[in-house]
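Here is a small set of exercises to work through with the viewer open. Try each task yourself before you read its solution.

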Amino acid sequence: MNTKTLLYVLKRVALAVLTIWVVITVTFFVTRAVPGGPFASEKAITPAAKAALEAKYGLDKPVMEQYFTYLKDVVTEFEFGPSLKQRGRDVIDIITDGMKTSARLGVAAALIALVSGVILGSVAALRRNKLIDKIIMVVTTAFVSMPSFIIGSLLLILFAITFHILPANGNADGGMILPVITLSLYPMAYITRLTRSSMLDVLGQDYIRTAKAKGVSGNKIIFKHALKNSLIPVLTYFGPMLAYIVTGSLVVEQIFAVPGIGRSFVNSITNRDYTLIMGTTIVLAILIIVMNLVTDILYKVVDPRINLE
């Protein structure tokens with residue numbers, strides 16, 4: 001790694017740390033500003049019991065003192081504290097358990113979306129305006145236009161309820177198939193369109209025409225030059241997309257009862273579980289920031305002509 005690249009990486013890391021601090025700060029004060037609290041929904045709770053719970057979790061202290069205490073725990077120990085609603089469980093344990101499921105679901109969906117999208121996009125570009133190109137564009141436009149809850153519901157009704165081919169519950173054997181398909185369809189369609197557009201642009205470049213004039217084989221032009229250079233926009237999209245999918249789609253996990261981090265995040269908001277809201281938000285932010293950094297560095301690997309500044 002040369003000095004210029006190292007300085008770029010260090011600058012990006014510093015910006016990443018600053019971004020994470022902003023996310024922590026904004027999320028912390030916004031959750032405290034919302035009316036109500038984590039113990040407002042407790043049944044028949046007395047003022048004394050509520051005060052005791054707030055004292056136990058440090059919620060009786062001034063907000064600024066709570067903030068600096070929380071920030072110190074996160075920075076020094078990466079500790080998010082105990083869940084305010086799931087008594088006896090630490091937030092980091094809840095996130096870890098949810099991530100095990102969400103990671104399997106997300107990585108599988110992302111890989112399927114990437115491979116299928118690149119293949120379909122390449123085929124569409126190489127067969128431009130032919131029947132196969134038009135079919136691919138119509139299908140991908142439909143998948144891009146439909147929200148995930150519509151796709152998930154249709155797959156659930158069709159394969160789980162009507163034909164009883166696959167289970168509806170994400171915990172059952174084979175229960176991850178429908179959630180994976182649901183999560184992969186939108187990014188697959190987007191990557192297909194992105195790959196097609198990028199490859200058509202690359203195929204029109206002068207160096208491609210020069211290679212053809214020199215008698216370079218069609219396969220070599222496609223795989224060594226056109227496809228490689230057309231993947232740069234795909235990498236831009238794939239990094240953040242992978243981070244988003246791995247953390248779990250909130251809607252998809254709810255539809256298929258998948259016990260992932262996305263479902264935990266929805267429940268934490270509903271229950272006003274401050275510490276769980278903070279923990280899941282921070283983990284999501286870190287994943288997206290790290291994937292963006294990795295994606296930017298990969299640009300240089302895919303296209304050495306790119307200068308990192």
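The exercises below go from the whole chain to single side-chain pairs, and they all use a predicted model.

**Exercise 1. Describe the secondary structure and the extent of the chain.**

Solution. Start by counting elements: the chain has 13 helices and zero strands. Reading along the sequence therefore gives α-α-α-α-α-α-α-α-α-α-α-α-α. Next, turn to the dimensions: along its principal axes, the C-alpha trace spans about 85 × 60 × 30 Å.

**Exercise 2. Work out what share of the residues is buried, and what supplies the exposed area.**

Solution. First, take burial, for which the cut-off is under 20% relative accessible area. The chain has 309 residues, and 41% of them count as buried. Then look at the surface: about 16500 Å² is exposed, with carbon and sulfur atoms supplying 67% of it. Finally, check the contacts: among those between residues at least 6 apart in sequence, 73% join residues at least 24 apart.

**Exercise 3. Place Ile-177 in its helix and classify its exposure.**

Solution. Find the element first: Ile-177 belongs to helix H7, which covers residues 177–203. Now apply the classes: partly exposed lies between 20% and 50%. Ile-177 has 39% relative accessibility, so it counts as partly exposed. As a last step, compare sequence and space: Ile-177 and Arg-272 are 95 residues apart in sequence, and their C-alpha atoms are 32 Å apart.

**Exercise 4. Count the charged side chains and find the salt bridges.**

Solution. Begin with the charges: there are 30 positive and 19 negative side chains, and the centres of the two sets lie 13 Å apart. Side chains of opposite charge can pair when their charged atoms come close. With a cut-off of 4 Å between nitrogen and carboxyl oxygen, the count is two salt bridges.

One of them joins Arg-89 to Asp-97, at 2.7 Å from N to O. Arg-89 is partly exposed because its relative accessibility is 31%, and Asp-97 is partly exposed because its value is 39%.

Another joins Arg-196 to Asp-133, at 2.8 Å from N to O. Arg-196 lies in helix H7 and Asp-133 in helix H5 (residues 131–145), so this pair ties together parts that are 63 residues apart in sequence.

**Exercise 5. Are Arg-196 and Asp-133 buried or exposed?**

Solution. Recall the cut-off for buried, under 20% relative accessible area. Both Arg-196 and Asp-133 are buried. For the other pair, Arg-89 counts as partly exposed, and so does Asp-97.

Conventions:
Residues numbered from 1 in each chain as written. Predicted model: local features only at pLDDT ≥ 70, side-chain atom pairs only at ≥ 80, totals over all residues. Heavy atoms only, no water. Helix = DSSP H or I, 4+ residues; strand = E, 2+ residues; numbered from the N terminus. Buried < 20%, exposed > 50% of the residue type's maximum accessible area, 1.4 Å probe, protein only. Contact = heavy atoms within 4.5 Å. Areas by Shrake-Rupley, 256 points an atom, 1.4 Å probe, with all protein chains shown as cover. Lys, Arg positive; Asp, Glu negative; His and termini not counted. Charge placed at Lys NZ, Arg CZ, Asp CG, Glu CD.
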